[in-house]
Amino acid sequence: MADDATILLDQALRDLEAAADEPAVEAWRIAVLGRNGSLNALMSRIGAIPTDERRAFGAAANQMKQQMEAAFAERNEALRRASLERETAQAIDVTLPGRPLAIGHYHPTTQIVREISGIFERMGFSVVEGPEVEWDYYNFEALNIPKDHPARDMWDTIWVSPEGPRAEKPMLMRTHTSPMQVRVMEQTEPPIRVIVPGRCYRYEATDATHESMFYQIEGLAVDEGIGLADLKGTLYEFARQMFGEQRKVRFRCDYFPFVEPGVDMSIDCFKCDGKGCRTCKNSGWIEILGAGMVHPEVLRRAGYDPDRYTGFAFGMGPERVAMLRYGIEDIRLFYANDLRFLRQF
Ligand code: PHE
C-alpha cells in the first residue's frame, strides 16, 4: 500500500514535470488531483487497510496531496512566467524613435479662398455658403436670364433634372455663385455685405484656364447710396492686399445680364509683366473677376425697392488668383491630385 503511494507520487511528479504547457498541466490536475483522479482512487482504498494503520496512511496521503498541489502550483507559475517572457521578447522596443507622422496641409484652393475671404472680412463682409445643386430659377431666371435668352450661352450647363432645361422646375449644378445674390437678398434686409465662396460646375472642354469644376467667390453689397466708386474702391483694395502695390489693375466694360453697368477686372500678367505672352494670350492682362452694379430688375425680384437701394456684385475665380500669385500655368493642376504639385504650397 505504502509502496503504491510512493510509486504514484513519483510517477505523478514526473508527469507534471513533462507537462509542457498550461493545457497539459490542467489535464494533469484532472487526472491526478481531480474527483476521479488517481489520488482519490488511492485514498478510497483506505477501507481495505487494517484499522491500526489507517491513521498513518491518512496522514501520509494528505501529505502527498499537499506535495502534489504545491508542485502543481509551482509548475503552473513556471509556465506562466515562461510565456510572459516569450511575449516580452517579441514586444516592441519602446525606446526606438517613432515613425514620423505625415502632416498634411490645406489644399492650395482652400488656402487662397481663406486668404481672399480674410481680406473681405476685414472690410466688413461676412462669409456665407449656398447649395451647389441649384434651381434654374436662382441660377438664371432670377438673375435676369430668362429661358431661351442668348445670354444662357455664356454658361455651359450640367443639368441635374433628367428632362434638362425643359423640366417643369429645372435643376442644375450651379454654373456660378451668383444665385446666392438672390437667396441672400430674399432672406435679409439691407444693408448687405457678404461674400460667398463655393464650387461651381460647367459642361465644358477643359484647357489651361478652364476646368469643369472650379471655385468662385461671389461678393454682394447692397445699401442706400452705393455706387460704382464703391465697387472700384473695394476691388482695388482687394487687389492691393492680394498682389501688392506693384501689380496693375484694369477695369473694362463687360456684359452680365444681372448687372448694369457690368465690368471685368484684370491684373497685369505675372508671366510677362504685361508685355504679352502665351499665358495672357498676348494681351498682357489676366481677367480674374466679373462685376457690376446689381441690376434693378434683380433687386426688384428679390423684394428690394430699386429706387431706394443700390448695390454692387462681383464674382472671382480663386484658382486664377492663385495662378497669378504663384505663377501656376495650368488650372487643371489644382484637381489632378498630384502630390508633387500640391506639396509645393
Ligand atoms: N457670375 C459671373 C460669372 O460666373 C461673374 C459675375 C458675378 C459678374 C457678379 C458680375 C457680378 O461669370
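User: Which side chain of opposite charge is nearest to Arg202, and how far away is it?
Analyst: In this predicted model, local features need pLDDT of at least 70 and side-chain atom pairs pLDDT 80 or more, while totals for chains, interfaces and linings use all residues. Numbering runs from 1 along each chain as its sequence is written, and side-chain values use heavy atoms, with hydrogens and water left out. Arg202 is buried (under 20% relative accessible area; exposed is over 50%, partly exposed in between; 1.4 Å probe, protein chains only). It has no salt bridge (a Lys or Arg side-chain nitrogen within 4 Å of an Asp or Glu carboxyl oxygen), and with Lys and Arg counted as positive, Asp and Glu as negative, and His and chain ends left out, the nearest opposite charge is Glu204, at 4.9 Å.

User: OK, so which backbone oxygen does the Arg202 side chain reach?
Analyst: Arg202 sits in the loop between strands S4 (192–201) and S5 (213–223); strands (E, at least two residues) and helices (H or I, at least four) are DSSP runs numbered from the N terminus. Its contacts (heavy atoms within 4.5 Å), beyond four places in sequence, include Trp155, Asp156, His176 and Phe214. At 2.9 Å, the backbone oxygen its side chain reaches is that of Thr175.

User: Which side chain makes a polar contact with the side chain of Asn139?
Analyst: Asn139 lies in helix H6 (residues 136–139) and is buried, at 0% relative accessible area. A polar contact is a pair of N or O atoms within 3.5 Å; within protein, one must be able to donate a hydrogen and the other to accept it, and sequence-adjacent residues count only if both atoms are side-chain atoms. For Asn139 the partner, at 3.0 Å, is Thr175.

User: How far apart in space are Asn139 and Arg174?
Analyst: Leaving aside neighbours within four places, Asn139 is in contact with residues including Leu172, Arg174 and Pro179. Arg174 is 35 residues away in sequence, yet the C-alpha to C-alpha distance is 6.3 Å.

User: Why is helix H7 largely enclosed by the rest of the structure?
Analyst: Helix H7 covers residues 179–187. Pro179, Met180 and Arg183 are among its buried residues. H7 is largely enclosed because its buried residues number 7 of the 9.

User: And what radius of gyration does the whole chain have?
Analyst: The C-alpha trace spans about 130 × 50 × 40 Å along its principal axes. A compact globule of 345 residues would come out near 20 Å, by the rule of 2.2 Å times the number of residues to the power 0.38, over C-alpha atoms. The protein chain has 42 Å.
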